[in-house]
Amino acid sequence: MYRSVFASMRYLHRAMTGFAVLVFLVTTPAHAQEPSVVACKLLQLAEIESALGGKATTKLSGVSLNERGIAMDICSVGIARPATDGRLSVTIKIVKNLPMDGGDHIRLNNTATARQGQWKVKGAQVDEKTVGNVICIMFGRPNVPAHSRCSIPRARGYVEVDVQASSQKEMASIDTVRTLVQKAVTRL
């Protein structure tokens, strides 16, 4: 009887150890496994800080994903703005291998965003602007994070810079984000 108990305990111990290793591998952030994400090389921290008038609260951190053949390189950084006591989250994204033209994809996403009912309430705002090949959208409403996002299509993909603010007052201007994405795309 004791043998079967000890055998069961050993089996349980091995199973739990294996489970712990599996959980570690699954939950370890991809940026810890993938230190050289291309999106993190498109803009320097000093450029982002200067453009947005703040100081980085984190290092550039990225991840590479491939979902059903669509490849994404995503890099993010937090920015504190002492002058306004606000915080921003900046995301740089490279998307490749879309099943459609990148420009069409961006326009469809922006149209879908603009049509949402939440942007039709009092105090909400949605602005879209296209300058050359840069497609931008800015959206926000009271009490929810606001976004200023600009994208540049590239064949069946795009490069995008999204600046999320905690409030509409903190939103980055479309022109500022457009300048960042234009700088980023030149480094691909």
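## Hairpins, cores and pockets

S3 and S4 make a hairpin with four residues between them, and Asp85 in that turn has a positive phi of about 60 degrees. Keep in mind that this is a predicted model. Strand S3 (residues 70-81) also pairs with S1 and with S2, and S3 turns up again in the largest nonpolar core and in the lining of the largest pocket.

**Strand pairing around S3**

- S3 and S4 (residues 86-96) run antiparallel, with 11 bridges between them; in this pairing Ile74 sits opposite Lys93 of S4.
- S2 (residues 61-67) is antiparallel to S3 too, over seven bridges, and Leu65 faces Met72 in S3.
- S2 and S3 also form a hairpin, this one with two residues between the strands, and Arg68 in the turn has a positive phi of about 55 degrees.
- S1 is a short run at residues 55-56, joined to S3 by two bridges in the antiparallel sense; Ala56 has Ile79 as its bridge partner in S3.

**Nonpolar cores**

- The largest core has 32 residues, and those touching the most other members are Ile48, Leu52, Val90, Ile92, Val161 and Val163.
- At least two residues of this core come from each of H3 (45-52), S3, S4, S6 (134-140), S7 (146-153), S8 (158-165) and H5 (174-185).
- H5 is the biggest contributor to this core, giving six residues.
- Leaving out residues up to four places away in sequence, Ile48 touches Leu43, Leu60, Val77, Ile79, Val90, Ile92 and Leu180.
- There's also a second, separate core of five residues, with Val95, Leu98, Ile135 and Tyr158 among them.

**Largest pocket**

- The largest pocket holds about 180 Å³ of space.
- Its lining is Val38, Ala71, Met72, Asp73, Ile94, Val95, Lys96, Arg154, Gly157, Tyr158, Val159 and Leu188, with S3, S4 and S8 each giving two or more residues.
- By class, that lining splits into eight nonpolar, one polar and three charged residues.

**Second largest pocket**

- Here the space is about 150 Å³.
- Thr91, Lys93, His105, Ile106, Asn109, Asn110, Arg149, Tyr158, Glu160 and Asp162 form the lining.
- S4, H4 (102-115) and S8 are the elements giving two or more residues to this lining, and H4 gives the most, with four.
- The class split for this pocket is two nonpolar, four polar and four charged.
- Tyr158 is worth a look: this residue lines the largest pocket, lines the second largest pocket, and belongs to the second core.

Methods: Residues numbered from 1 in each chain as written. Predicted model: local features only at pLDDT ≥ 70, side-chain atom pairs only at ≥ 80, totals over all residues. Heavy atoms only, no water. Pairing = 2+ DSSP bridges. Core = buried A, V, L, I, M, F, W, Y, C linked by side-chain atoms within 4.5 Å. Buried < 20%, exposed > 50% of the residue type's maximum accessible area, 1.4 Å probe, protein only. Contact = heavy atoms within 4.5 Å. 1 Å grid on protein atoms, 1.4 Å probe; cavity = no way out; pocket = protein on both sides within 12 Å on 5 of 7 lines; lining within 4 Å. Points joined across faces, edges and corners; volume = space filled by probe spheres on them. Nonpolar A, V, L, I, M, F, W, Y, C, P; charged D, E, K, R; others polar.
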